[in-house]
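Open the model in a viewer with side chains available as sticks. The stops below are given in the order in which to select them.

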Amino acid sequence: MIILSKIGFLDILQNLFGEVLINEAVRNEFGETLPDWIVVKKVESRQIEKILLLNVDEGEASAMALYLEQTEAALLVIDERKGRLVAKDLGIKIIGTIGIILKAKETGIIPNLSEIIEQLEQTDFRLSPKLKQQLLEKNT
C-alpha cells in the first residue's frame with residue numbers, strides 16, 4: 001500500500017479487489033488517511049500472531065494472522081522475501097506489488113507499465129534489472 005500510494009496508484013487495489021482488509025499494524029505503518037474501501041480489522045488470534053513474530057516483522061505477522069482468520073480471504077499482499085516464504089509455507093495465497101501492477105495491466109486498469117516502473121524506481125522499491133526488462137517486454 002505504501003509504495004502504491006507513493007506513486008499515486010493506491011486505487012488499483014480497489015479496482016482489482018473492491019474492499020481491502022488490513023490490520024492495525026499495517027494501518028499504523030501506512031500512516032495516511034485511509035479511503036473508505038480499506039477496512040481495518042483487529043486480529044483476534046494473538047497466539048498465531050505471536051508465533052509468526054518469531055519469523056517475520058509485526059506488520060507481516062499481523063497480516064498473516066488476519067488472513068488466516070478470514071473465511072473468504074483471497075490474497076495477502078506482501079513483498080518481503082522472508083514473509084512471502086513463511087506465507088507460502090502456511091498455504092496463504094500471496095501477491096506482491098509487481099503482481100498487482102501486472103494484474104492491473106492485464107485487466108486494462110492501467111494502460112502502460114513503463115510509466116509505473118519509472119515511478120517505482122523513484123521510490124525505495126527494489127526492482128532487479130532482469131525483472132524490469134521482463135516487465136517492459138510485457139508492456140507491448
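Start with D124, which is exposed, at a relative accessible area of 57%. Keep in mind throughout that this is a predicted model.

**Salt bridges**

Add K6 to the selection. The side chains of D124 and K6 form a salt bridge, 3.4 Å from N to O. D124 sits in the loop between α8 and α9 while K6 belongs to helix α1, so the pair ties together parts that are 118 residues apart in sequence. The structure holds 3 salt bridges, and the next selections show the others.

Select E121 and K132. Their closest N and O atoms are 3.1 Å apart, in a salt bridge. This pair links distant parts of the chain, with E121 in helix α8 and K132 in helix α9, 11 residues apart. E121 is partly exposed, with a relative accessible area of 36%; K132 also counts as partly exposed, at 28%.

While helix α9 (residues 129-138) is in view, pick Q134, which lies in it. Q134 is partly exposed, at 38% relative accessible area. Draw a distance from its C-alpha atom to that of L16: the two are separated by 22 Å and lie 118 residues apart along the chain.

Now go to E49 and R46, whose side chains meet in a salt bridge of 2.8 Å, N to O. Both are in helix α4, 3 residues apart, which puts about one helical turn between them. An α-helix has 3.6 residues a turn, so residues three or four places apart point the same way. Are the two partners buried or exposed? E49 counts as buried at 4% relative accessibility, whereas R46 is partly exposed at 46%.

**A surface patch**

Stay on helix α4 (residues 46-52) and select I48, which is part of it. I48 is partly exposed, with a relative accessible area of 32%. Add L68 and L90: together with I48 they form a nonpolar patch on the surface, with about 220 Å² of accessible area.

**Helix α5**

Select residues 58-69, helix α5. From its first C-alpha to its last, this 12-residue helix reaches 16 Å, close to the 16 Å expected at 1.5 Å a residue. How many of its 12 residues are buried? The count is 9, so the helix is mostly covered, buried here being under 20% relative accessible area. The buried residues are G59, E60, A61, S62, A63, M64, A65, L66 and Y67. Show what surrounds them: the buried residues of α5 pack against β1, α3 (24-30), α4, β3 (76-77) and α6 (81-89).

**The nonpolar cores**

Which residues touch the most other members of the largest nonpolar core? Select I12, I110, I116 and L120, which hold that position among its 27 residues. To see where the core draws its members, color α1 (2-6), α2 (11-17), β1 (20-22), α7 (97-106) and α8 (113-121), the elements that each give two or more residues. The largest share, 5 residues, comes from α7.

Center on I116 and show its surroundings. Leaving aside residues up to four places away in sequence, I116 touches I7, F9, I12, I101 and I110.

For the last stop, select L66, I78, A87 and I94. They are among the 15 residues of a second, separate core. L66 has already appeared on this tour, as one of the buried residues of α5.

Conventions. Residues are numbered from 1 along each chain as its sequence is written. This is a predicted model: local features need pLDDT of at least 70, side-chain atom pairs count only at pLDDT 80 or more; totals for chains, interfaces and linings use all residues. Side-chain values use heavy atoms; hydrogens and water are left out. A nonpolar core is a set of buried Ala, Val, Leu, Ile, Met, Phe, Trp, Tyr and Cys residues joined through side-chain atoms within 4.5 Å. Buried means under 20% relative accessible area, exposed over 50%, partly exposed in between (1.4 Å probe, protein chains only). Helices (H or I, at least four residues) and strands (E, at least two) are DSSP runs, numbered from the N terminus. Contact means heavy atoms within 4.5 Å. Patches are made of residues with over 30% relative accessible area and no salt bridge: like charges are joined within 9 Å, nonpolar side chains (Val, Leu, Ile, Met, Phe, Trp, Tyr) within 5 Å. Accessible areas come from the Shrake-Rupley method with a 1.4 Å probe; for residues, only the protein chains shown count as cover. A salt bridge is a side-chain nitrogen of Lys or Arg within 4 Å of a carboxyl oxygen of Asp or Glu. The expected span of a helix is 1.5 Å times one less than its number of residues.
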